[in-house]
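Good morning, everyone, and thank you for making time for this. Please take a moment with the sequence and the structure before I start talking.

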Amino acid sequence: LNRPSSSPRQTNGPNGPNGPDSNGPISWALAVVEVDGSAPEYGRKNAVKLDSHRIASLIPISVAEAQRLVATSAAEEVLCYVHGYATPYANAIRSAAIYARAFRQTKLVVVFTWPSDPDLNTSSWLITKVMSEYELNYTRAEQQMHASIIPLTYLAKWIRRNAGSQRRVMYHSHSMGNYLLLNAIDKLCWECAGATHSSPEATAAKALSDVEYHFSRVMLDAPDVPTWFFEDVITKSCDLGVRYLHIYNKFDQAVELSRKRRNYETCPGNSCILGPRMDGRFECVAADGAKHTSAHHDYGQVDGVVLIEKRDWLNGVLPQSRLLKAVEEDSKKEPPTPAHWQLLVD
């Protein structure tokens with residue numbers, strides 16, 4: 001578990017991210033979460049309840065202790081979870097616990113928390129008269145999201161360095177957390193592209209290996225992301241080896257607010273934006289009708305079949321062997337709907 005520290009911009013000196021004894025731009029804690037063992041972790045006709053997961057303890061730890069936990073864990077893979085807009089700190093931990101249980105003990109789960117629900121206090125009469133409370137708070141959260149890109153990029157490099165070369169590092173994000181994660185991936189793409197090597201071919205090969213090495217598999221759940229940015233980063237990073245699972249719900253009311261706010265015709269939170277790639281690096285799945293507890297937006301951690309889909313995709317199960325139905329491209333719609341998969345929810 002980590003969260004941005006109070007001074008995320010400090011980069012130099014013995015206490016900066018590059019210093020040998022530094023926490024970097026994040027601080028660490030170890031969370032222990034209790035859950036009734038008889039409650040289902042996923043499955044058909046099952047709904048997983050967030051409030052059935054209780055945080056038993058939250059222990060601040062040093063970066064050296066965190067490093068030791070990651071390095072010595074028996075888990076075969078590392079999964080980093082990035083939560084979305086207006087998510088209380090405790091709920092982010094509980095959500096990660098749901099995934100840790102559903103995806104089995106083979107994965108070590110790390111939670112990246114960020115200030116996603118800040119109050120925007122202002123005395124400006126113009127701002128308070130023109131902007132709604134939702135717009136004020138959403139704008140402030142979006143600013144905090146952008147401020148968290150550097151800490152998340154730092155964490156991605158830290159995890160990759162300490163997880164060992166034999167373990168895959170995968171990511172799961174929700175809502176505005178997708179925007180944050182894609183920004184971090186985009187930043188690494190630019191860093192790799194800007195590196196100089198012996199030849200253009202060597203530079204391209206190094207970028208391919210570095211980006212895929214840091215982000216081997218990425219699940220984008222109910223993404224609250226500008227459509228153009230979603231298309232740009234995924235297209236670019238797929239070419240560099242990253243594999244994506246994009247899950248959306250056409251009834252998602254939360255992302256519909258964001259779509260209207262940005263004045264887009266479609267958005268990835270409730271539409272299929274990109275079709276399947278021939279190399280299999282991008283899969284889009286519609287989860288319409290999935291169980292939820294809030295505005296058709298939290299289905300990714302509530303619906304037992306959606307959790308099965310995520311588990312199977314992470315484990316490399318082909319779409320033809322998952323609980324999916326193929327949906328053909330519909331070019332008559334405006335805008336056209338690319339080919340994708342429909343989840344067979346109960």
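I will go from the whole chain to its strands, its nonpolar cores, one helix, one proline, the salt bridges and, at the end, a few backbone details.

Please keep in mind throughout that this is a predicted model. The protein chain has 11 helices and 11 strands, and of its 346 residues, 49% are buried. The chain exposes about 16100 Å², and carbon and sulfur atoms supply 52% of that area. If we take the contacts between residues at least 6 apart in sequence, 76% of them join residues at least 24 apart.

Let me turn to the strands, and in particular to strand E6, which covers residues 168-174. Is this strand enclosed or open to the outside? Strand E6 is largely enclosed by the rest of the structure, because 6 of its 7 residues are buried. Strand E4, residues 77-82, pairs with E6 in the parallel sense over 6 bridges, and strand E7, residues 217-221, also runs parallel to E6 and is joined to it by 5 bridges. You can follow both pairings through His-172, which is the bridge partner of Tyr-81 and which stands opposite Met-219 in E7.

Next come the nonpolar cores. As a general background, nonpolar side chains in soluble globular proteins tend to be buried together. Here the largest nonpolar core has 55 residues, and those with the most contacts inside it are Ile-159, Leu-182 and Tyr-244. Which helix gives the most to this core? That is H6, with 10 residues. If you would like one residue to look at, take Leu-182, which, leaving aside its neighbours within four places in sequence, is in contact with Leu-220, Val-225, Phe-229, Phe-230, Val-233, Ile-234 and Tyr-244. Apart from this core lies another one, of 29 residues, among them Tyr-99, Ala-287, Leu-307 and Leu-314.

Now for a single helix, H4, which runs over residues 133-147. Its 15 residues should span 21 Å at 1.5 Å a residue, and the C-alpha atoms at its ends are indeed 21 Å apart, so the two values agree. The buried residues of H4 are Leu-136, Asn-137, Tyr-138, Ala-141, Glu-142, Gln-144 and Met-145.

A proline in a loop deserves a stop as well. Pro-268 is found in the loop between helix H9, residues 253-262, and strand E9, residues 282-286, and is it buried or exposed? With a relative accessibility of 0%, Pro-268 counts as buried. Not counting residues up to four places away in sequence, Pro-268 touches Pro-223, Val-225, Thr-227, Phe-230, His-246, Tyr-248 and Ile-273. Among these, Phe-230 is 38 residues away along the chain, yet its C-alpha atom and that of Pro-268 are separated by 7.5 Å.

Let us move on to charged side chains. How many salt bridges does the structure hold? There are 19 salt bridges, and I will go through some of them. Lys-187 and Glu-191 meet through their side chains in a salt bridge of 3.5 Å, N to O. These two residues lie 4 residues apart in helix H6, residues 176-194, and are therefore separated by about one helical turn. Lys-187 is partly exposed at 31% relative accessibility, and Glu-191 is partly exposed at 32%.

Another salt bridge links Asp-279 with Arg-277, where the closest N and O atoms are 2.9 Å apart. Asp-279 has a relative accessible area of 31% and is partly exposed, and Arg-277, at 24%, counts as partly exposed too. In a further salt bridge, the side chains of Arg-311 and Asp-312 meet at 2.8 Å, N to O, and here Asp-312 counts as buried, at 12% relative accessibility. Salt bridges that share partners also join Glu-142, Asp-224, Arg-261 and Arg-262 into one network.

I will close with the backbone. A cis peptide bond, with omega about 0 degrees, joins Glu-334 and Pro-335, and Pro-335 has its place in the loop between strand E10, residues 324-327, and strand E11, residues 340-343. Ala-295 is not a glycine, although its phi is positive, at about 55 degrees, and His-296 likewise has a positive phi, near 55 degrees. Ala-295 is found in the loop between E9 and helix H10, residues 299-302, and His-296 is found in the loop between E9 and H10.

How values were computed:
Residues numbered from 1 in each chain as written. Predicted model: local features only at pLDDT ≥ 70, side-chain atom pairs only at ≥ 80, totals over all residues. Heavy atoms only, no water. Salt bridge = Lys/Arg side-chain N within 4 Å of Asp/Glu carboxyl O. Buried < 20%, exposed > 50% of the residue type's maximum accessible area, 1.4 Å probe, protein only. Pairing = 2+ DSSP bridges. Core = buried A, V, L, I, M, F, W, Y, C linked by side-chain atoms within 4.5 Å. Contact = heavy atoms within 4.5 Å. Areas by Shrake-Rupley, 256 points an atom, 1.4 Å probe, with all protein chains shown as cover. Expected span 1.5 Å × (residues − 1).
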